[in-house]
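Got your viewer open? Let's take a walk through this one, stop by stop, with something to select at each.

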Amino acid sequence: MRKRAAGLSAALLGIVLGLTACGSDQPAAAPADSAPASAPAVDKGNGKLVIWADPVRTAALKPFTEQFGKENGVTVEIKEIAEELQNQFLTASQQGSGPDVLIAAHDWIGNLVQNGSIDPVQLTAEQKSAFQEIAIKAVTFGGQTYGAPYAVENLGLIRNTALAPEAPASVEALIESGQALKKAGKVSEILCVPVGQEGDAYHIYPFYSSAGGSLFGTTASGDPDPTKITVGDSAPAFTKLNELGKKGVGALKTSLGNDNTIATFASGKCAYLISGPWAIADVKKAGISYDVTAVPAFDGGDPATPFVGVQTFYVASKGKSKALAQEFVTNYVTNPDVAMALYNADPRPPALTAALDQAKAANPDMGKFIEAGKTGIPMPAIPQMAAIWQPFGVAEAAVINGGDPAKAAAAANKAITEAIEK
Amino acid sequence: MKTKPRAGNDSPPSGHRRALPRPRRELSTGFVVSRILVLAVGSAVAFYAAPPLIAAESWTGLTVLAAATALIAYVYLSRRHLPLKYLVPGTVFLIAFQIFPVLFTLSTAFTNFGEGHRGTKEEAITSIQTSSVAQVPGSPEYNLSVAVRDGELVFLLVDTATKQVQAGTATGLEPVSGAELGLTGKVLSAPGFQVLTIPQAAARGAEISALTVPTAAGAIKANGLSRAFEGRAAKAYAPDCDCVTDSATGQKWTADPDEGAFVAADGSRLAQGWQVNVGFSNFTRVFTDPRISAHFLSLFAWDLLFAAASVLGTFGIGLIAALALHGVKVRGTRLYRVLLVLPYAMPAFAMFLVWRDMFNTDFGLINRVLGLHTDWFGEPVSARFAVILVNLWLGFPYMFLVTTGALQAIPSELGEAARIDGATPWHNFRRVTLPLLLIAVTPLLISSFAFNFNNFNAIRLTTNGAPFSVDNTTVGGTDLLITYTFRLAFEGGSAEFGFAAAISVFIFILVGIISALAFRRTRYQEEVYA
């Protein structure tokens, strides 16, 4: 298997060398000449585009990929990968049996790039300006654009308007209103936000950031800097979480996790839910009248910044039909009509501004979620982000259960630093 | 299946044997069918596996495949080697599914295989250069039509700003006159060129990707089938210094063959690395990394306790249940048995998740039914109790099945004889039934111990190691060795398969030692009782 990959990479190398050799002012004819002759022998994917995606997106994408196939006279195969999409993609790419196009969240970029499994995509300035700014920022890594974004997702505060007609202006106001409702016996929980046994860094981040907490320092270019872990310096933010937890007001609890929080809100047991666009279907089904606003900040605190996740189309480095993959990613899915059709099949706020405007008109929730993400930051795409989740989550769960915030912050910082340095 | 008398059975007296030709062995239908089956499967596998191996030029693999196929063909086509005919399938599966994975794990343990270190150095270099390709500043955008001239693939490029048409070939750009442009700004036709339709171009995708049109500042490459751009790679690898240089900043990263990465003088490294042999460092890390050595003993002790409690507990409950239903003539014995086996029939994955939710503090069934408000997974003692309880529930039906079978195999005369000799039922059980039972089930108890020692799912899907103390976020109260090292290897930053493989080897050795000791004891036991 390794040999096959090596053969493929040798051919690729020829191609890239053609490009680089030209760059260094050499007469470039020789390497470029040999490349076309050798490539078709390796490539057996002519006229066939293979796409991998998770089950949710597979269903939504099927009609458009078929349309693309018809327009271009090629066959398109979209394969559903239910488990471990990232790892399966990396392993298959390595063996030369991977797809041409991958659809996944933007925060995988760091790991996909360090494994040499995706190529940058060349979007024109015009194409880039058609997207929401944060979407392009999210797919930019090390100065390169690594994919075409299609949906932007972030957390918002979903409110049961029958119980809480007014959007709370601050966390304090939210807690007060939640406590009053609980006292009146209208709800059983002050706030529904997933914490779980192991904590949940993604869902708590708006509160954490509003309380002054951060994960990484920033580099000169404004990207997260993995050599500066700032979780240890964020003990005051953990103190705020501690005050909202078990020994404080009891708004945050580890018994609410990813699998029961939305259901609890949908059953009317709490007036406030911190979640994303994916929760709306369940809330609607339960017949709850709701509104979506930004997650509030603490009184006098920093803005609450949710993480923004961007669903992205990637061109696989080791795909067999790269020209088709580039055509699909840079010219097809960046088309507003296609983006709109995608939206209709799987309603998530589109990344293309033109499509978003249409989507907003059809469904105001989309605009509200985008509005709620205005203060957000793209989820860090650096590979080191993987070292954050577990230690941070455990520290979060510990302080919510009444643990000492300073100790928890220090322990998490130590674990993260050790994992990154190792 | 018909059984025909075999000619060999009524062979003539031995004195005449030499004189007579060896009698033909008659073949049963079953024998012929099974032979055809094995040969068919063997050759099917060979035909299936050969083309990819040839395509990958993996001659070693092909030799192994050819040798294995030849061996199978020889064994099953020849009349001799009867024992081999039975041994070969099992041996093939043993090699494919046991020995090969063990060897593969072992060989991985000596590498730095992991995120950022998956492929070869060549692949890393390709990726570094490809991902540094950017559009040449100020260069035009091109609309692309793919065309053919004298059998050669050519790019017909239209500058989107000036509408100037050029032809790009492997030797460079040349002007084209008389081209007809469409509304979208692409070339529809040009004299001397045959413009390909999109489906025609798509069919030649590989050639399009491969075509590089050199320019003064870089090179023009297709970006899909309808656009092209002029790009150049900012980072370039030079074999003479074995280093990568950034032409914009002048920074230089030199290959470090021990790390499998390009490292700069200031210690920064390029993200794309490659796989190298790291010797024993993954193994020594188990002893030198304080994150492992500091927690090893406490983890090991709890792991032993968890495995022992699971095995003894499930065996105890299973045995009691089996004895209760053994030999009694009660109506519905079968129904009881089915009910007892039920937890075993359900998918363990789902059951772990269901139990996890039942232990939820505020919304869990257990607290609600008992009117408690216990944070089960919040304290080490209760969390450990909870995971063992879950494991007992899931595990006892297996022991019940096994002991039921073993009990039925013990001759009832033994019990009767003991009773006549005046043994009480307890003595009967203690001195006759249990020893005989243990001979049958001890190997299963040992394998069950080994399984539970590494019962990843039982922890991962319930507590996932919780509770964690506030000053230690890495080792949880219910973490087994396997769940802890999994977290260390796969969730601590980036996945390290080499390190994980080394840990697997250690756990393999640990379980091996424990099992070997246990088996030795069993042998003594057998000598005493059997």
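How many Å separate the centres of domain 1 of chain B and domain 3 of chain B, taken over C-alpha atoms? The answer is 37 Å. Keep in mind as you look around that this is a predicted model.

**Stop 1: the domains of chain B**

To see where that distance comes from, colour chain B by its domain assignment: 30-108 is domain 1, 135-233 is domain 2 and 290-529 is domain 3.

Now select the stretches that UniProt, in an unreviewed entry, labels "transmembrane region": 27-50, 56-77, 84-104, 299-323, 335-355, 385-411, 432-451 and 497-519 of chain B. Two of them are worth a closer look. Residues 385-411 of chain B are 93% helix and 0% strand, with 38 Å between the end C-alpha atoms. Residues 432-451 of chain B are 100% helix and 0% strand, and there the end C-alpha atoms are 29 Å apart.

**Stop 2: where the chains meet**

Show both chains together. On the chain B side, 77 residues are in contact with 79 residues of chain A. Several elements of chain B supply at least two residues each to this side, among them helix 4 (121-130), strand 11 (227-233) and helix 17 (481-491). Click on helix 4 of chain B: it gives the largest share, seven residues. If you colour the chain B side by residue type, you'll find 28 nonpolar, 33 polar and 16 charged residues.

**Stop 3: chain A as a whole**

Hide chain B for now. Chain A has 18 helices and 14 strands, and 59% of its 422 residues are buried. Take the contacts in chain A between residues at least 6 apart in sequence: 75% of them join residues at least 24 apart.

**Stop 4: a mostly covered helix**

Select residues 235-244 of chain A, which form helix 10. Which residues in helix 10 of chain A are buried? They are Ala235(A), Ala237(A), Phe238(A), Lys240(A), Leu241(A), Asn242(A) and Leu244(A). That makes seven of the 10 residues, so to speak a mostly covered helix. Add helix 9 (201-210), helix 17 (389-400) and helix 18 (405-421) of chain A to your selection, and you have what those buried residues pack against.

**Stop 5: a three-stranded sheet**

Next, find the open sheet in chain A with strand order 11-8-12 and antiparallel pairing. Strand 11 (272-275) and strand 12 (290-293) of chain A are the edges; each has a single partner strand, so one side of each has no neighbour in the sheet. From one strand to the next, the twist averages 25 degrees.

Zoom in on strand 8 (residues 156-160) of chain A, which pairs with strand 11 of chain A over four bridges. Here Ile158(A) sits opposite Leu273(A) of strand 11. Then bring in helix 16 (residues 364-372) of chain A: this helix packs on the sheet and touches strand 8 and strand 12 of chain A. The direction of helix 16 makes about 35 degrees with that of strand 12 of chain A.

**Stop 6: an enclosed strand**

For the last stop, pick strand 1 (residues 48-53) of chain A. Why is strand 1 of chain A largely enclosed by the rest of the structure? Because five of its six residues are buried. Now select strand 2 (residues 75-80) of chain A as well: the two strands run parallel, joined by six bridges. To see one pair up close, label Val50(A) and its bridge partner in strand 2 of chain A, Glu77(A).

Note on methods. Residues numbered from 1 in each chain as written. Chains lettered and ligands numbered in written order. Predicted model: local features only at pLDDT ≥ 70, side-chain atom pairs only at ≥ 80, totals over all residues. Buried ≥ 20, exposed ≤ 12 C-beta atoms within 10 Å, placed from the backbone. Contact = placed C-beta atoms within 7 Å. Nonpolar A, V, L, I, M, F, W, Y, C, P; charged D, E, K, R; others polar. Domains from an automatic or database assignment. UniProt positions renumbered as here; feature names shortened; annotations may be inferred. Pairing = 2+ DSSP bridges. Axes fitted to C-alpha atoms, helices over the stretch in contact; angles between N-to-C directions.
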